[in-house]
Amino acid sequence: MRSAKDFFAPLAVGAPAPVREVPARPSRMIHFFDPSNPKMAAKVPDMVGTVDVLLGNLEDAVKAENKEAARQGLVDIARATDLGEHTQLWTRVNALDSPWALDDLTTLVTEIGDRLDVVMVPKVQGPEDIHYVDRLLAQLEAKAGVQRPILVHAILETARGVANVEAIAGASPRMQGISLGPADLAADRRMKTTRVGGGHPGYLVRQDPVDGDVEGARAVFQQDLWHYTIARMVDACAMHGVFPYYGPFGDIKDVVACEDQFRNAFLLGCVGTWTLHPVQIAIAKKVFSPSAEDVAHARRVKEAMGDGTGAVMLDGKMEDDASLKQCLVILELADRLSA
Ligand code: GLV
Ligand code: MG
């Protein structure tokens with residue numbers, strides 16, 4: 001696994017730029033806003049400190065005629081807003097095969113490169129897309145004198161991207177993480193859904209019949225459409241030391257299903273999610289922070305395991321090195337979030 005020391009130093013003339021740590025800073029919610037929408041933009045200052053990441057979205061959901069206004073709006077917001085210690089600034093640029101991506105990257109790195117933490121790249125197909133962005137960022141950073149490398153985040157939203165996810169995760173030391181993009185991925189895979197994330201009432205498993213069952217009495221269980229992709233993405237990210245995320249959950253009113261989807265992703269290994277509406281912020285914060293009970297249990301296991309070897313019984317359950325390691329993941333996350 002790469003270490004933070006491997007971090008790419010931008011094409012620098014003279015002294016190399018300082019190496020930046022992989023940001024283990026919290027990113028439980030990546031809150032999307034449209035910088036071309038004055039109402040949304042006006043709310044940005046109030047969100048500083050309450051969300052881990054503010055993301056100025058330039059891609060889908062921004063009308064073609066507003067692309068330039070969104071880009072300029074993000075520049076203005078980044079210049080005018082003090083993001084403090086606890087909120088990062090990310091952007092989602094337009095797709096690399098669109099007419100806007102090059103101008104997005106050129107303008108943003110030149111104008112606000114020192115304020116931008118992460119560039120989210122949509123519709124990534126393979127490592128070549130990350131190599132392209134990596135080299136372009138290096139040139140633009142060197143030209144603009146940006147003092148720290150801007151990191152890269154890929155959205156997994158094409159079938160080809162999923163097939164290449166391991167190579168994408170390891171494509172550059174700039175890689176910060178990967179998000180599931182369920183809406184575009186569903187379309188690209190030709191799934192027969194019409195939603196942005198979440199489950200589907202038709203995707204279910206019916207219990208086998210038993211003798212004497214009356215028709216319709218058998219239990220049905222709705223299944224998770226995204227389990228395979230999230231699990232695969234998590235493995236690729238773990239292998240390369242980058243962070244996996246759920247993506248958008250579009251049914252804003254269904255806060256219960258939203259929480260369930262976020263929790264499934266958290267339990268499978270994701271560190272955060274996108275939030276598209278303020279109502280999803282508190283849900284993400286709750287779900288992607290370990291509960292007080294989980295932290296207390298993890299502490300008990302750690303204590304009971306002493307030097308960390310062998311096995312002990314706790315409340316009738318066996319604990320050993322492997323369950324201790326899981327507990328240490330929870331404790332490390334809790335420590336990081338309380339720092
Ligand atoms: C996100 O961009 C998605 O397509 O789900
Ligand atoms: Mg998309």
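**A walk through the model, starting at Asn-94**

Hi everyone. Asn-94 counts as buried, with 25 C-beta neighbours inside 10 Å. Before I go on, please keep in mind that this is a predicted model.

So where does Asn-94 sit? You'll find Asn-94 in the loop between β3 and α3. If we set aside the neighbours within four places in sequence, Asn-94 is in contact with Leu-58, Glu-59, Lys-67, Trp-100, Ala-101 and Asp-104. For a long view across the chain, take Leu-331: Asn-94 and Leu-331 are 237 residues apart in sequence, and their C-alpha atoms are 37 Å apart in space.

Two of those contacts of Asn-94, Ala-101 and Asp-104, bring us to helix α3, where both are on the list of buried residues. Helix α3 covers residues 101-112, which makes 12 residues. From first C-alpha to last, α3 reaches 16 Å, close to the 16 Å expected at 1.5 Å a residue.

Which residues of α3 are buried? They are Ala-101, Asp-104, Leu-105, Leu-108, Val-109 and Ile-112. These buried residues lie on the same side of α3, because they cover an arc of only 110° around the axis. As a reminder, an α-helix has 3.6 residues a turn, so residues three or four places apart point the same way. And what covers the buried residues of α3? The cover includes α2 (67-80), β3 (88-92) and α4 (127-144).

Let's step over to α4 for a moment, since Glu-141 is found in that helix. Is Glu-141 buried or exposed? Glu-141 is buried, because 24 other C-beta atoms lie within 10 Å. Glu-141 and Thr-110 make a nice pair to click on: 31 residues separate them in sequence, while the C-alpha to C-alpha distance is 7.4 Å.

Now for another helix pair, α9 and α10. Helix α9 takes in residues 255-268 and helix α10 residues 279-287. Their axes come within 10 Å and cross at roughly 35°, and the crossing is right-handed. On the α9 side, the residues that meet α10 are Val-255, Cys-258, Glu-259, Phe-262, Arg-263 and Phe-266. Facing them from α10 are Val-279, Gln-280, Ile-283, Ala-284 and Val-287. Sorted by class, this contact of α9 with α10 has 8 nonpolar, 1 polar and 2 charged residues.

Carry on past α10 and you come to Ser-289, in the loop between α10 and α11 (292-304). Ser-289 counts as partly exposed, with 17 C-beta neighbours inside 10 Å. Not counting residues up to four places away in sequence, Ser-289 touches Arg-28 and Leu-337. Ser-289 and Ile-230, on the other hand, are 59 residues apart in sequence and 19 Å apart from C-alpha to C-alpha.

Last stop, the backbone. Most residues other than glycine have a negative phi. Here are two with positive values. Ala-61, in the loop between β2 (53-57) and α2, has a phi near 90°. Ala-61 is partly exposed, with 13 other C-beta atoms within 10 Å. Then there is Asp-315, whose phi is positive at about 50° although it is not a glycine. Asp-315 lies in the loop between β11 (311-314) and β12 (317-320). With 7 C-beta neighbours inside 10 Å, Asp-315 counts as exposed.

That's my tour. Thanks for listening!

Methods
Residues numbered from 1 in each chain as written. Chains lettered and ligands numbered in written order. Predicted model: local features only at pLDDT ≥ 70, side-chain atom pairs only at ≥ 80, totals over all residues. Axes fitted to C-alpha atoms, helices over the stretch in contact; angles between N-to-C directions. Helix = DSSP H or I, 4+ residues; strand = E, 2+ residues; numbered from the N terminus. Left-handed = near helix turned anticlockwise from the far one by under 90°. Contact = placed C-beta atoms within 7 Å. Nonpolar A, V, L, I, M, F, W, Y, C, P; charged D, E, K, R; others polar. Expected span 1.5 Å × (residues − 1). Buried ≥ 20, exposed ≤ 12 C-beta atoms within 10 Å, placed from the backbone. Arc of directions from axis to C-beta.
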